[in-house]
Amino acid sequence: PGGESGFTVRLRQSAVTSLSINLNDGSATEGAGLEDPTIAFVNSALRISNGANAPLAIGTQIAGKPSDTGFGAQSLFLQAIRTDTSTGACVSLFPSGTDVSIEVAAQCNNPATCAQNVSVTSSSPSGNIRTFVPGSGFGSMNFRFTTGNGEAPFALNYLDAGQLTLEFRAALPSPPANQFVQGSSNAFVVRPFGLRITGADSASALLTSGTPLPTDPVLAVAGASFNATVTAVRWKATDDANADGVPDSEAQIASNAATPNRCIMKYGGSSARSP
């Protein structure tokens with residue numbers, strides 16, 4: 001009726017192919033390919049689901065925290081679906097209760113390279129975990145598809161901060177060789193758990209007791225500059241007893257490992273002036 005900034009359509013394609021849909025909005029970027037990504041239609045696919053036969057986006061994660069634990073916990077499933085040749089509906093690719101070898105990988109979106117491990121853990125009784133650096137290629141692990149909708153529960157844990165995409169593929173029987181059913185997650189963000197502040201001239205700022213006293217060393221005179229370092233760190237369960245995703249009041253995060261991708265900020269400031 002007018003006034004909207006967007007609209008939603010549903011597409012159905014009867015053949016396995018790629019489709020490019022062109023939209024002409026009259027903008028300066030029209031024709032630059034910025035708004036018209038290619039859509040792929042396949043007979044079978046792997047996707048992230050919610051355990052009830054519906055697709056699910058992986059939400060924001062916390063560095064060092066399993067995805068099924070604490071604040072923002074999600075029940076993630078890998079779902080294998082295929083097109084029913086009679087009805088055209090999406091049905092399960094693997095029977096319920098079967099263990100299937102799936103190749104797992106991850107891509108670093110932002111930053112473009114990673115140095116810390118991500119772990120993917122499934123409910124399979126054996127071979128159920130893969131720990132690797134994103135961007136290092138595919139590796140196999142087992143998934144147990146436990147629901148009638150072809151879904152296998154799993155959890156992930158990334159030890160750094162940044163934006164990732166998980167990728168999955170399963171080899172189809174030969175011949176032909178090197179044919180896969182595959183799929184990927186949405187691009188999701190993993191954030192640091194908290195910020196640790198250190199180095200504020202700590203040698204002179206140590207207190208002689210737990211309570212500040214007039215005889216304690218002075219950090220800096222009013223108006224003088226001092227330096228501090230802020231370090232982004234990983235999650236620990238003991239520092240998040242109330243499961244709100246941030247360090248508890250007076251939590252001791254001095255020993256928490258750093259997240260190198262979003263690690264250190266130098267701060268040079270002035271001490272406050274007294275009234």
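Modeller: Contact here means heavy atoms within 4.5 Å, and by that rule R196 touches T229, V230, T231, V233, I253, A254 and N256, not counting residues up to four places away in sequence. The model is a predicted one, in which local features need pLDDT of at least 70 and side-chain atom pairs count only at pLDDT 80 or more, while totals for chains, interfaces and linings use all residues. Residues are numbered from 1 along each chain as its sequence is written, and side-chain values use heavy atoms, with hydrogens and water left out.

Biologist: What makes the pair R144 and D99 a salt bridge?

Modeller: A salt bridge is a side-chain nitrogen of Lys or Arg within 4 Å of a carboxyl oxygen of Asp or Glu, and R144 and D99 meet at 2.5 Å, N to O, so the pair fits the rule. R144 lies in strand β10 (residues 139-145) and D99 in strand β7 (residues 98-110), so the pair ties together parts that are 45 residues apart in sequence.

Biologist: Why is E103 called buried, and R169 partly exposed?

Modeller: Buried means under 20% relative accessible area, exposed over 50%, and partly exposed in between (1.4 Å probe, protein chains only); E103 has 19% and is therefore buried, whereas R169, at 22%, counts as partly exposed. R169 forms a salt bridge with E103, the closest N and O atoms being 3.1 Å apart.

Biologist: How do you know that R196 has no salt bridge?

Modeller: The nearest side chain of opposite charge, D239, is 8.6 Å away from the buried R196, although the side chain of R196 reaches the backbone oxygen of I253 at 3.1 Å.

Notes. Lys and Arg count as positive and Asp and Glu as negative; His and the chain ends are not counted. A polar contact is a pair of N or O atoms within 3.5 Å; within protein, one must be able to donate a hydrogen and the other to accept it, and residues adjacent in sequence count only if both atoms are side-chain atoms. Helices (H or I, at least four residues) and strands (E, at least two) are DSSP runs, numbered from the N terminus.
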